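Here is a quick tour of how some helices pack, how the chains meet, and where the backbone does something unusual. Have the structure open and follow along.

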Amino acid sequence: MIPELGHFALALAVALGLAQAILPLWGAYRRDARLMEAAPALAVGQFVAMAISFGALAWSAVVSDFSVLNIAENSNSMEPLIYKITGTWGNHEGSILFWCLILTVCGAAVAAFGGNLPSSLRARVIGVLGAAGVGFQLFALLESDPFVRLSPAPLDGRDMNPLLQDPGLAMHPPILYTGYVGFAVPFAFAVAALLEGRIDAAWGRWVRPWTLAAWCFLTGGIALGSWWAYYELGWGGFWFWDPVENASLLPWLTGTALLHSALVVEKREALKVWTVLLAIGTFSLSLSGTFLVRSGILNSVHAFANDPARGVFILALLGLVIGGSLLLFALRAPALAATGIFAPVSREGALVLNNILLCSIAAVVLTGTTYPLFADLLLGEKLSVGAPFFNATVFPLAIPLFAAMSFGPMLAWKRAALAPALMKLWWAALVAAAVGLLAAGVLRAALLPALALAASAWLILGAFADIAARIALFRLPLPASLRRLTGLSRSSFGTTLAHAGLSITIAGIAAMSLAQSAIVLVHPGEVAHVGGYDWQLVDLHDRAGPNYAARVATIRISRAGHPVTVLAPERRSFPVQQINTTEAKISTNLLRDLYAVLGEERDGGAVLRLHVNPLAPWIWLGALVMACGGLISLADRRLRVGAPSRRRAGSAVPA
Amino acid sequence: MIRLALALALFLAAAPAFAISDPNEALPDPRQEARAVAIGQQLRCLVCQNESIEDSGADLARDLRHIVRQQVAAGKSDREVIAWLVARYGNFVRLRPPFELSTVLLWASPALAVAIGGGAALVAWRNRPAPPPPLTTAERDRLRRLLDT
Amino acid sequence: MNRRLILLAPFAAVLVAGVGFLAMLEREQEGKFDPRGVPSMLIGKPVPDFTLPGDPGFAASDLRGRPILVNFFASWCEPCIEEAPALMQIKASGVVIYGIAYKDKPDATAAFLARHGNPFARVAHDAPGRVAIDWGVTGVPETYLIDPQGIVRWRYVGPLGPAAISAELTPLLRRYA
């Protein structure tokens, strides 16, 4: 009964979505206030229907209703409750349903927080979100129905892949999805602006918080996924330039560019056409990322269900959403007159450079990811494009980006001079050069890691130099500077923090190249010396887990005779799925990770893979700081988008 | 979700991919071993998804690692070792594709992207709207008349 | 350049990419497009030189004088069981098949052939799997067609089935007979 209710609610969501797509857009076109007023209620209604639908699936998983095919294939009665719940978005059908749910959350959020938008803009934004939602709900309903029944019902389910039974990964899809789908809102704003035929500073001000929110989630989602790969996959890597990873990086890169270009729209009413294109492009990349991965084209093995019929449906849907919006862009963008004028050396100019470089990196990643496919299709050439290519092409583009990042915030809007900014940053440049030389000379880092470490120092010092300049540190008496500090807007703190976060991540990534590792065969009692630490294998024993059996190695780690920590890496075997996994164990002090993996056992000894990874946790710590920077900016936005801007919005935007 | 799919892929493609390499695999000379690792990281594990043979626990990857080390120990150059593998598996085995006619667009993509971006910015800057000229006396008079009425 | 044309460029790019992806999907359905497939470097080239032990085993020089199928298999390989009936059928039609047991123990190979039928005129053992690497084999089963001059003409990855036999193998056998 419950699954049927979910199925019905999904169908209801499609119906409501159709109404949400048609009525407000028609109303905005005919300037019919009543039809436009229907938009928020429809959006909330669609959200409620989707929530019921997804709730029904989650409920079926919780009560282990194996008469539902999806639950029987992906769940198990012995599974801990949390994984029963998180398992609902851990498979193809459930994840599509979840995706649709988030999209309706976006619609409902615009309905709830969009009270200060002009009614025609709000109606159009909600209508566009509804139209996009309908397509994907139809896909769920027609091509990947999660509520299909199975008769006779099996006694137990097949269980979830044990690799996915992990708290970090359980929370990864919701966060990443919210990031992906969150870019639907800027997209809808962009399409609505094209329909309206006008964009102004207010538009930039409305779009930015939504972009910022989606960006924070996407940053968090990517970081969480990378962290999971680091501790769960067990070979110490954190980013593999895998097509699936690239699919999440692409919208992040263009989304970051969008964040900065929307700022120019808001402050200076320039870059309007470009910002609209970026908003459309970012959501298009999100869509392609989530869906092309499933269509079976990108790489067959990754596809949840490799069904070409689904692939064609998805492609048609993508063509409609992406192609339709870009066609609209081609037709209507000429109407968006540029107004803001700026000199090449100015804050705007720096942000343009930021956009060019970020989008160039995105273009390279996109080219590298899809090149083998097109080379095969058009030239019949079988090629692979992997990490060595991306490392060789992306970093040379990233270094000038980092170099410019510290300058940008120092430049004035409209017209600036380089010399004063240089004067504020000479000491940062000096320290950065010293860091780079030190890394290359003393730590024997290779050229790129040394450059990256220098860039990291440059960025973090630049971020603080920016704050110092704003509060006139050392130029005014200290109390006056502190007063200025408390008076700074949250968004400038947010910028500083986000830039500092990136610097922390870069340092972590660069330091990974200095990691030391070894594969050793040791017997209980023996000691291996790796990376300046003594790793003693104390014993090997068995342990029973809830749905697995584990073999555990106890390793006592010391340095120069002083005990450091004890690690107990495991090898687990899951009987239901007949899968073995390795559980790496990590001990961190935030400056380095000690990382141990247990391999096979031979002649009473065990093969261990031992790593010492300097600064490794900084990679994800930096991402966290970046996301926090975004959230702080967002808090600022809320203050400014609130009451005061309602007044402004009323006067700035003609009804 | 990306990770989910990645995990699924790993588990489908090579169940024993989590096996650890054998400590005896490594060459005794650390310089040669480092070279072997550097070569291995550019070679694709043919039965896995987008992993290098150095990262993979698959059987074939282990054999290829072994071959790379044999050849490095025998004094072959990096280029020769890679050519040996390309002769058997084609350019598909290289994670870093060679610069050839068929990969020109790939390797030119960074320069092309920057050139297109810079070009577009330049075009936009050249076509920037002129700052509005100051009002002429006639216009100012007209404005005053409009405001008065 | 016309500004409108520039603004149309993103749409055009996406259109081209979309058509490309559609073509990939269609070819994938027809089995003509496999982005993960490892290409064979041997097609049109002579068989790489080798000599493998067995009962009686064979060498590269034995693969001459008539079209011969060389099948890499293993007793531990499940798709090889699936493939067994197809190979028996090819043998029944008079085509000579040589087998190379990949990373297998001779006893296990013998037991496998006893249970699922032995389609091979000769079986050689490649226990270390080095000859397979010279052939560019990435897994078992894999099948190669060698023409009377000892040139590799065709390779098939995965278990042979009636469809591949009638569509690909039979016409080639006729041509090189």
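## An oblique helix pair in chain B

H2(B) and H3(B) lie oblique to each other, and that is because of how their axes cross. This is a predicted model, by the way, so read everything below in that light. H2 covers residues 30–40 of chain B and H3 covers residues 59–73 of chain B; their axes come within 9 Å and cross at roughly 135 degrees. As for hand, the H2(B)–H3(B) crossing is right-handed.

Who does the touching? On the H2(B) side you'll find B:Gln32, B:Glu33, B:Arg35, B:Ala36, B:Val37 and B:Ile39, and they meet B:Val68, B:Arg69, B:Val72 and B:Ala73 of H3(B). Sorted by class, this contact of H2(B) with H3(B) comes to six nonpolar, one polar and three charged residues.

## Helix packing in chain A

Over in chain A, take H6 (residues 119–142) and H8 (residues 184–196): their axes come within 8 Å, crossing at roughly 125 degrees. That angle makes H6(A) oblique to H8(A). The crossing of H6(A) and H8(A) is right-handed. H6(A) puts in A:Ser120, A:Leu121, A:Arg124, A:Val125, A:Val128 and A:Leu129, while the H8(A) residues they meet include A:Phe187, A:Phe189, A:Val191 and A:Leu195. The class split for H6(A) with H8(A) is 12 nonpolar, one polar and two charged.

H6(A) also packs on H5 of chain A (residues 92–113), at an angle of about 170 degrees and with the axes 10 Å apart. H5(A) is therefore roughly antiparallel to H6(A). Among the residues making this contact are A:Trp99, A:Cys100, A:Leu103 and A:Cys106 from H5(A), together with A:Ile126, A:Leu129, A:Phe136 and A:Phe139 from H6(A). By class, the H5(A)–H6(A) contact holds 14 nonpolar, five polar and one charged residues. A:Val125 turns up in the contact with H8(A) and again in the contact with H5(A); so does A:Leu129, listed for H8(A) and for H5(A).

## Where chain A meets chain B

Interface size is often quoted as the accessible area lost when the parts come together. For chain A and chain B that comes to about 5000 Å², with 71% of it on carbon and sulfur atoms. The contact draws 71 residues from chain A and 50 residues from chain B.

How many salt bridges does the rule find across the interface of chain A and chain B? Zero.

## Where chain B meets chain C

Chain B and chain C bury about 1400 Å² between them, and carbon and sulfur atoms account for 54% of that. On the chain B side, B:Arg88, B:Tyr89 and B:Phe92 lose the most area to chain C, together 37% of what that side buries. The contact takes in 17 residues of chain B and 15 residues of chain C.

Here the rule does find salt bridges across the interface, three of them. B:Arg88 has a salt bridge with C:Asp134, at 2.8 Å from N to O.

## Backbone oddities

Most peptide bonds are trans, and most residues other than glycine have a negative phi. Two cis bonds are worth a look. One joins A:Ser151 and A:Pro152, with omega about 0 degrees; A:Pro152 sits in the loop between H6 and H7 (167–182) of chain A. Another runs from C:Val140 to C:Pro141, with omega near -5 degrees. C:Pro141 falls in the loop between helix H4 (130–135) and strand E6 (142–146) of chain C.

And which sign does phi take at A:Trp241? Positive, near 55 degrees, in a residue other than glycine. You'll find A:Trp241 in the loop between H9 (201–232) and H10 (243–268) of chain A.

Key
Residues numbered from 1 in each chain as written. Chains lettered and ligands numbered in written order. Predicted model: local features only at pLDDT ≥ 70, side-chain atom pairs only at ≥ 80, totals over all residues. Heavy atoms only, no water. Axes fitted to C-alpha atoms, helices over the stretch in contact; angles between N-to-C directions. Helix = DSSP H or I, 4+ residues; strand = E, 2+ residues; numbered from the N terminus. Parallel < 35°, antiparallel > 145°, perpendicular 65-115°, else oblique. Left-handed = near helix turned anticlockwise from the far one by under 90°. Contact = heavy atoms within 4.5 Å. Nonpolar A, V, L, I, M, F, W, Y, C, P; charged D, E, K, R; others polar. Buried area = accessible area lost by both parts, 1.4 Å probe. Salt bridge = Lys/Arg side-chain N within 4 Å of Asp/Glu carboxyl O.
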